Amino acid sequence: MALTIFPADQRGTADHGWLKANFSFSFGNYFNADNTQFGMLRVLNDDTIAPGVGFGTHPHDNMEIITIPLEGGLKHKDSMGNEGVIGFGEVQVMSAGSGVLHSEMNASTTETAKTLQLWVFTEKENVAPRYDQKSFALEDNKNRLLTVVSPHDKQSEGSLWVYQQTWFSLGIFEAGQEFNYELHHQNHGVYAFLIEGEIEIDGQKLHKRDAAGITQTAHFKIKTNSESKILLVEVPMS
C-alpha cells in the first residue's frame, strides 16, 4: 500500500472576507504543480461562508460536482429550475454536462455556513445537465460508512449517482472503532478526508481536516482514536 498524508495546514488558502476557503488541490489563487488532483478527483474545497452572502450565478460544464454541507444551510439555484436549501446530512450532486449556471448562497443572514465542495472529472462529456440531492441519516447510522454517491452504471442502493466510477462514503464513528474499506477496482485510489476527530490509517495519525491518499492496495483499515466524521472518496487514478 502507498499512503501519502496531506496535513490540513499545508492546504492552499484564501480569505475574501465573506469567504474563507481551504483548497486541497490547486484552485483559484493557489497553484501547486505537484498538487493539482488525486486521480479523477480535481477539487476539494473546504469553505466557510459569511451570513447572507455566497457565490453568485456562475457557469460549469463537464464536471461532476458534489456538495456536502457541514454546518448551517446552503441555498442553491440553477438554470435547470432547481432551487432549495441543503444542510448537514444532505448531499447534493450536479452533473454540469453540456453547461449549467448556478448560485450557492448562505441560507442564513445571522450564522456562517461551512461546506465541502468536490469536483470529479466526468467519464461522459456533454450529457444533459442534471441535479439531485438526498438526506442521509448519518447520526442514526453511527459506526458504519454510508455510500452517498456511486457510478451511474453501478449505483449503490439508496445513493446518489454521477457519470464517473467513483464512490463517496460518509460516516460518524465513535472512539475505539476499527473497520476495513474494500476498493472496487485495482486501479482505484481513495482520498480519505477527516472532517472531525482523530483516526489512524496504517499506523499514521490524521487529525481534523487532514487527508490521506491511498493507492496500490485492495483494502485498508481505519481506526478511530476519538469520535470522528470521515469522508472517503474512491476514484480511478487514471
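**Two sheets, one pocket and two cavities**

Let me begin with a single residue, Ser-103, which lies in strand S10, the strand made of residues 100-106. Please keep in mind throughout that what we are looking at is a predicted model. Is Ser-103 buried or exposed? Its relative accessible area is 12%, and because a residue counts as buried when that value is under 20%, Ser-103 is buried. To give you a sense of distance, Ser-103 and Glu-182 are separated by 79 residues in sequence, and their C-alpha atoms are 36 Å apart in space.

Now let us step back to the chain as a whole. How many helices and how many strands does the chain have? There are zero helices, and there are 22 strands. The radius of gyration is 17 Å, close to the 18 Å that the globule rule gives for 238 residues, so the chain is as compact as a globular protein of that length. If we follow the C-alpha trace along its principal axes, the chain spans about 45 × 40 × 40 Å, and 52% of the 238 residues count as buried.

Before we turn to the sheets, here is a reminder for those of you who are new to this. Strands of a sheet pair through backbone hydrogen bonds, and the pairing can be either parallel or antiparallel.

The strand that holds Ser-103, S10, belongs to an open sheet of four strands, which come in the order S5-S10-S7-S8 with antiparallel pairing. At the edges of this sheet are strand S5, residues 54-60, and strand S8, residues 83-87, each of which pairs on one side only. From one strand to the next, the twist of this sheet averages 20°.

Let us look more carefully at one pair in this sheet. Strand S7, which covers residues 73-78, is joined to S8 in the antiparallel sense over five bridges. Which residue of S8 stands opposite His-76? That residue is Gly-84, and in the neighbouring part of the story, Lys-75 has Val-85 in S8 as its bridge partner. S7 and S8 form a hairpin, with four residues between the two strands, and in the turn Gly-81 has a positive phi of about 95°.

There is another open sheet of four strands, with the order S16-S21-S18-S19, and here too the pairing is antiparallel. Its edge strands are S16, at residues 178-182, and S19, at residues 204-207, and each of these pairs on one side only. The twist in this sheet averages 30° from one strand to the next. Within the sheet, strand S18, residues 198-201, runs antiparallel to S19, and four bridges join them; at one of these positions, Glu-200 has Lys-205 in S19 as its bridge partner.

Next, I would like to turn to the empty space in the model. The largest pocket holds about 220 Å³ of space. Its lining has 16 residues, and those nearest the centre are Phe-27, Asn-45, Asp-47, Phe-55 and Gln-117. Strands S3 (19-23), S4 (41-49), S5 and S11 (113-121) are the elements that give two or more residues to this lining. Which strand gives the most? That is S5, with four residues, and we have already met S5 as an edge strand of the sheet that includes S10. By class, the pocket lining has six nonpolar, eight polar and two charged residues.

Finally, let us consider the cavities, of which the structure holds two of 30 Å³ or more. The largest cavity contains about 70 Å³ of space, and of the 13 residues that line it, Phe-88, Leu-138, Leu-170, Ile-195 and Lys-229 lie nearest its centre. Two or more residues of this lining come from each of strands S6 (63-71), S15 (167-173) and S22 (228-236). The lining divides into nine nonpolar, two polar and two charged residues.

The second largest cavity has a volume of about 40 Å³. What lines the second largest cavity? The residues are Asp-47, Ile-49, Phe-55, Leu-74, Glu-104, Thr-115 and Gln-117, with S4 and S11 each supplying at least two of them. By class, this lining has three nonpolar, two polar and two charged residues. If you compare the two lists, you will find that Asp-47, Phe-55 and Gln-117 line this cavity and also lie among the residues nearest the centre of the largest pocket.

Conventions: Residues numbered from 1 in each chain as written. Predicted model: local features only at pLDDT ≥ 70, side-chain atom pairs only at ≥ 80, totals over all residues. Heavy atoms only, no water. Pairing = 2+ DSSP bridges. Axes fitted to C-alpha atoms, helices over the stretch in contact; angles between N-to-C directions. 1 Å grid on protein atoms, 1.4 Å probe; cavity = no way out; pocket = protein on both sides within 12 Å on 5 of 7 lines; lining within 4 Å. Points joined across faces, edges and corners; volume = space filled by probe spheres on them. Nonpolar A, V, L, I, M, F, W, Y, C, P; charged D, E, K, R; others polar. Rg over C-alpha atoms; globule rule 2.2 N^0.38 Å. Buried < 20%, exposed > 50% of the residue type's maximum accessible area, 1.4 Å probe, protein only.
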